[in-house]
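Me: Please take a close look at the charged side chains in this model and at how they are placed, and then follow them outward to whatever surrounds them. I would like one connected account rather than a list.

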Amino acid sequence: MDEPLREPREDAKLKNLPEEELLVLWSWRHPEQGGKKLKFSAIQAEIPLRYGFTVSGSTLSDFYAWLKVWKRWRDAQDFAMQARAELAKDPTISDAELDRFAERVLKAEAAVNRDVKGYVSLRRMTLAEKKEARERDKLTLATKTDVEKGLDALAAEIEGNAPAMAIYQKLREVLKKA
Amino acid sequence: MAGKPTVSVGRVRQKIREALNIRPGSGKTESMLEEMVNELVGGGVSLQEIRDAIKWNHDQVFIRSEYDDEAEVTEWFITGLGIEQENIK
């Protein structure tokens, strides 16, 4: 049997408005300096004229509580994107790393109490990356040491062979630059 | 005897989805949800009520979890079904 048609929730109509409109609704309660803050009753009267649907007073009050949280996350997102753009100036950082970094900044910034957790998480991420880089360096060093040992053995082997020694010297130069 | 919750169980469950539907691509931890839900309802919701509401929404497949290895926390996300539930009466 078909389920009865379910209607969109009143608050969902407001929340699903385009971002520009949500910012307009925000500005009605949080005007720029010198602007006039609208009362809920005035906004309730304005909504049908602007959007073609009505909302109850309690829905509007709930909506503005939601809008405050939404705005904070939006601002945090902007901040995270700016931080990402700044970090992206370093060409050695990959897009995936930048995305992870931006996500951490977003969460740290979006917290009401901006407690340390978000930033601890950011720091942990940096430390994990440093540890990874150190491990990589260790591995490179170990590999180089093995190659050095091999070259020493080779030098002993080709001692007295001038053409082979010339190639050997070139090989050492290349290795130094690596 | 435990006091009566100031916010109804149904309302807390709905606010969990509402909070997760804000920037739905970003997972939220239990403590973030506690903070957000309390802001949405004007306070009065305990961590236990938040946990119960998370569990209920999870059981209904309105939300899902992912473990973030780096931050060592479980994060919650709203599902497609949860978004649908959030938009209709």
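Reply: A:D11 and A:R9 are both buried, and in this predicted model their side chains meet in a salt bridge, with 2.9 Å from N to O. The structure holds 24 salt bridges over all chains, and the rule finds nine salt bridges across the interface of chain A and chain B.

One of the salt bridges joins B:R23 to A:E19, where the closest N and O atoms are 3.9 Å apart; since the cut-off for a salt bridge is 4 Å, that distance of 3.9 Å falls within it. B:R23 belongs to the loop between α1 (9–20) and α2 of chain B, and its phi is positive, about 50°, although the residue is not a glycine. With a relative accessibility of 23%, B:R23 counts as partly exposed.

As for the interface itself, 32 residues of chain A are in contact with 26 residues of chain B. The size of an interface is often given as the accessible area lost when the parts come together. Chain A and chain B bury about 2600 Å² between them, and 45% of this area is on carbon and sulfur atoms. Besides the salt bridges, the rule finds 10 residue pairs in polar contact across the interface of chain A and chain B, with both residues at pLDDT 80 or more. On the side of chain A that touches chain B, at least two residues each come from α1 (10–15), α4 (57–87), α5 (95–110) and α6 (116–158) of chain A. The helix that gives the most to this side of chain A is α4(A), with 10 residues.

Helix α5 of chain A also holds a charged pair, A:E103 and A:K107, which are four residues apart and therefore separated by about one helical turn. A:E103 forms a salt bridge with A:K107, and the closest N and O atoms of the pair are 3.2 Å apart. The two partners are described by separate accessibility values: A:E103 has a relative accessibility of 24% and so counts as partly exposed, whereas A:K107 has a relative accessible area of 12% and is buried.

In chain B, the side chains of B:R51 and B:E30 meet in a salt bridge, with 3.0 Å from N to O. This pair links distant parts of the chain, 21 residues apart, with B:R51 in helix α3 (residues 47–59) of chain B and B:E30 in helix α2 (residues 30–41) of chain B. B:R51 counts as partly exposed at 38% relative accessibility, and B:E30 is also classed as partly exposed, at 27% relative accessibility. Elsewhere, salt bridges that share partners join A:R9, A:D11, A:K15, A:D62, B:R11, B:K15, B:R17, B:E18 and B:E86 into one network, and this brings the account back to A:R9 and A:D11, the buried pair with which it began.

Helix α3 of chain B is followed by a loop that runs between α3 and β1 (63–68) of chain B, and B:V61 lies in this loop. B:V61 has a phi near 65°, which is a positive value in a residue other than glycine, and at 48% relative accessibility B:V61 counts as partly exposed.

Charged side chains are also placed against aromatic rings. In chain A, A:R29 lies over the face of A:F40, at 4.1 Å from the ring centre, while in chain B, B:R64 lies over the face of B:F77, at 4.5 Å from the ring centre. A:F40 is in turn part of one aromatic cluster, formed together with A:F63, A:Y64, A:W66 and A:W70.

For the rings themselves, the count comes to six aromatic pairs over all chains. Among them, A:Y51 and A:F53 have ring centres 6.2 Å apart and planes at 25°, so the pair is stacked, and both A:Y51 and A:F53 are buried. Another of the pairs is A:F63 with A:Y64, whose ring centres are 5.3 Å apart and whose planes stand at 80°, so that this pair is edge-to-face. Both A:F63 and A:Y64 are buried, and both belong to the aromatic cluster that includes A:F40, the ring over whose face A:R29 lies.

Technical notes
Residues are numbered from 1 along each chain as its sequence is written. Chains are lettered from A and ligands numbered from 1 in the order in which they are written. This is a predicted model: local features need pLDDT of at least 70, side-chain atom pairs count only at pLDDT 80 or more; totals for chains, interfaces and linings use all residues. Side-chain values use heavy atoms; hydrogens and water are left out. Rings of Phe, Tyr and Trp (its six-membered ring) pair if their centres lie within 6.5 Å; planes under 30 degrees apart count as stacked, over 60 as edge-to-face and the rest as tilted. Buried means under 20% relative accessible area, exposed over 50%, partly exposed in between (1.4 Å probe, protein chains only). A charge sits over a ring if NZ of Lys or CZ of Arg is within 6 Å of the ring centre and within 35 degrees of the ring normal. Contact means heavy atoms within 4.5 Å. Buried area is the accessible area (1.4 Å probe) that two parts lose on being put together, summed over both. A polar contact is a pair of N or O atoms within 3.5 Å; within protein, one must be able to donate a hydrogen and the other to accept it, and residues adjacent in sequence count only if both atoms are side-chain atoms.
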